Number of protein chains: 2
Amino acid sequence: MTDGLPHTLRSDALDNRERILDAARALFSADGLDVPMREIARRAGVGPATLYRHFPTKQVLATEAFADQLRACRTIVDDGCADPDPWRGLCLVIEKICELHARDRGFSEAFMAAFPGAPEVGGREYTVKAVAGLAQRAKDAGRLRSDFVLDDLILVLMANKGIHTRSADTQVMASRRFAALAIQAFEASPQHTPLPPAARLTAAAPDNSV
Amino acid sequence: MTDGLPHTLRSDALDNRERILDAARALFSADGLDVPMREIARRAGVGPATLYRHFPTKQVLATEAFADQLRACRTIVDDGCADPDPWRGLCLVIEKICELHARDRGFSEAFMAAFPGAPEVGGREYTVKAVAGLAQRAKDAGRLRSDFVLDDLILVLMANKGIHTRSADTQVMASRRFAALAIQAFEASPQHTPLPPAARLTAAAPDNSV
DNA sequence: ACGCTAACGGACGCCCCCGTCCGTTTAGGT
DNA sequence: ACCTAAACGGACGGGGGCGTCCGTTAGCGT
C-alpha cells in the first residue's frame, strides 16, 4: 500500500513471507500474541532478521496475519444486519463472533486490545455503527431488552476472552454455551430487574447511546 | 502449621515478612500474578534473598497473601447458603464473588488457575459442595433454570476474569453489570431455549451433576 | 556490654528475549 | 554463464527476570 519499494518481491522472499504469516497465524491462534518473535521465525524456517525485515514490529505482523479474521468479522456483522429478523441477526453475530474468538486466541487478544485505544483498525467504526443499528432494530422489535448498551456486547466479548481451556474443542464448546447464556441475558423479558449502570469501556466512542 | 522451625521469628524478620506480604498483596491485586518477585522485594524494601528465604516460591507467597480473600470467599458462600431464599443466596454469591475478583486481579488469577488442576486449596472441595447444594435448592424452588450446571458458574467466573479496564472503579462497575447479566441468564424463565451442552471445565470433579 | 547466630541484601551466573549488523547466498535479468 | 543487487541468517550486545551464595549487620539472650 504505502511502500515505495520495488513492487516485485523476489520469489524466495515472497515464499518466506507466506511461510512467516502461516507460522504466525498458527502460533498466535494457539498461544496468543505473547509468543516470541523468534519462535515464529523458527517455525517458519527463517532467521530472525528475515522476520524483522518483512514485519518490523509484532503489531504489523499481527495485523497482516489477522486480515482474514477481520474480514470474517465484517462478513458476520453484514450477514447479521442482512437478516430480516434483527434479533435473530444479533444472536447470530454474538454466536459467530464468540466462536471466532474462541477458535483464535491471538485474534481475540488483538481484537479486544484494539478497543480501549481507538486507532481505527480496518473499518471498525463502520462495523460498530452497523451493530448499533442492528441492536436498535432488535430493541424496536421488542426482542432485545431496552436497557441494553453497546458496551454490554463488548463486555461479553471481553468476558469470552477470559475463557481458557486446555483443548481447543472444549474451548469452543464452553464459548458456545457462554454465548447462549449471554443471549438469554440480553433477551427482553417481563421479569427482568433493572441492571446496574454500564461502565464505559470504549475510550472515546462518539455514542454508546444504543 | 507444618514448620518445624524455631517457632519464634526475630522481630525484624517478622516485620519484613509482613512488609513483603503487604507489598505482594498490593502488587498482585493491581497487576496480577505476573509481577516479578524482585518488584515485590523492592516495594517491600528488602533484598531478593530475603524474599526467597521467607517464601521459596511464588505459589507459596500467593497462597499466604490471599489467605484473607480465601476466607472472604468461604464467608460469602456460607452467607449465601444461610439465606432462607436459595435463589437470593445464589445471586449474592455470584455478585459478591465477582466483585471480589474484580477488585483483586491477582486473586482472580490464582483462584481460577487452581481449578483445572485440583490440588485442593483451602477447603475448596467443601465449598464447591456447598454451592452445589445451594444451586440444587434454588432449582427446587423453581428460580434457577433446570439445565444449570456447576460448570456454568465456573464459566462465569472465568469470563469475569477476562474483563479488564484501566481504572479499578470501572472494573468493579463492569463486573457488577456482568454479574447481573449472568444472573438474568441463570434465572428460570418460560421463554428460555435449550442451551448447547456444557463443557467440562473442572479436571476431575466427582460430580458436576447439579 | 558482649558474643552468638539468625537474618539481611548486594552481587553473581544463568537463561531467554529483543532488535540489528554484516558477511554470505541466490534469484533473475542480460 | 555471469553479474548485481536483493534477500538471507548466524551472531552480537543489551536488558531483564530468575534463584543462590556469601560476607556483613544487628537482634536478643546472658
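How many salt bridges does the rule find across the interface of chain B and chain A? The rule finds 2, a salt bridge being a side-chain nitrogen of Lys or Arg within 4 Å of a carboxyl oxygen of Asp or Glu. One of them joins the side chains of D152(A) and R177(B), at 2.6 Å from N to O.

This is a predicted model, in which local features need pLDDT of at least 70, side-chain atom pairs count only at pLDDT 80 or more, and totals for chains, interfaces and linings use all residues. Residues are numbered from 1 along each chain as its sequence is written, chains are lettered from A and ligands numbered from 1 in the order in which they are written, and side-chain values use heavy atoms, with hydrogens and water left out.

Stay with the protein interface. Chain B brings 41 residues to the contact, and chain A brings 41 residues. Contact here means heavy atoms within 4.5 Å. The size of an interface is often given as the accessible area lost when the parts come together. Chain B and chain A bury about 3,200 Å² between them. Buried area is the accessible area (1.4 Å probe) that two parts lose on being put together, summed over both. Carbon and sulfur atoms carry 64% of the buried area. On chain B, R177(B), L181(B) and Q184(B) supply 23% of the area buried against chain A, more than any other three residues. R177(B) is thus named twice: in this trio and in the salt bridge with D152(A).

Polar contacts come next. Between chain B and chain A, 10 residue pairs are in polar contact, both residues at pLDDT 80 or more. A polar contact is a pair of N or O atoms within 3.5 Å; within protein, one must be able to donate a hydrogen and the other to accept it, and residues adjacent in sequence count only if both atoms are side-chain atoms. On the side of chain B that touches chain A, α9 (150-161) and α10 (168-186) each supply at least two residues. Helices are DSSP runs (H or I, at least four residues), numbered from the N terminus. The most comes from α10(B), with 11 residues. By class, this side of chain B has 22 nonpolar, 10 polar and 9 charged residues. Ala, Val, Leu, Ile, Met, Phe, Trp, Tyr, Cys and Pro count as nonpolar, Asp, Glu, Lys and Arg as charged, and the others, Gly among them, as polar.

Now turn to DNA strand C. Around it are 21 residues, of which S11(A), R38(A), Y52(A), R10(B) and N16(B) come nearest. A residue is near a strand if one of its heavy atoms lies within 4 Å of it. Of the strand C atoms within 4 Å of the protein, sugar and phosphate account for 59%. The side chain of R10(B) places an N or O atom 2.3 Å from a base nitrogen of strand C. N16(B) has a polar side-chain atom 2.5 Å from a phosphate oxygen of DNA strand C. The largest share of the surface near this strand, 4 residues, comes from α3(B).

DNA strand D also has 21 residues around it; the closest are R10(A), N16(A), S11(B), R38(B) and Y52(B). Sugar and phosphate make up 62% of the strand D atoms within 4 Å of the protein. Phosphate oxygens of strand D lie 3.1 Å from a side-chain N or O atom of T50(A) and 3.0 Å from one of R53(A). At S11(B), a polar backbone atom is 2.6 Å from a phosphate oxygen. Here α3(A) gives the most to the nearby surface, with 4 residues.
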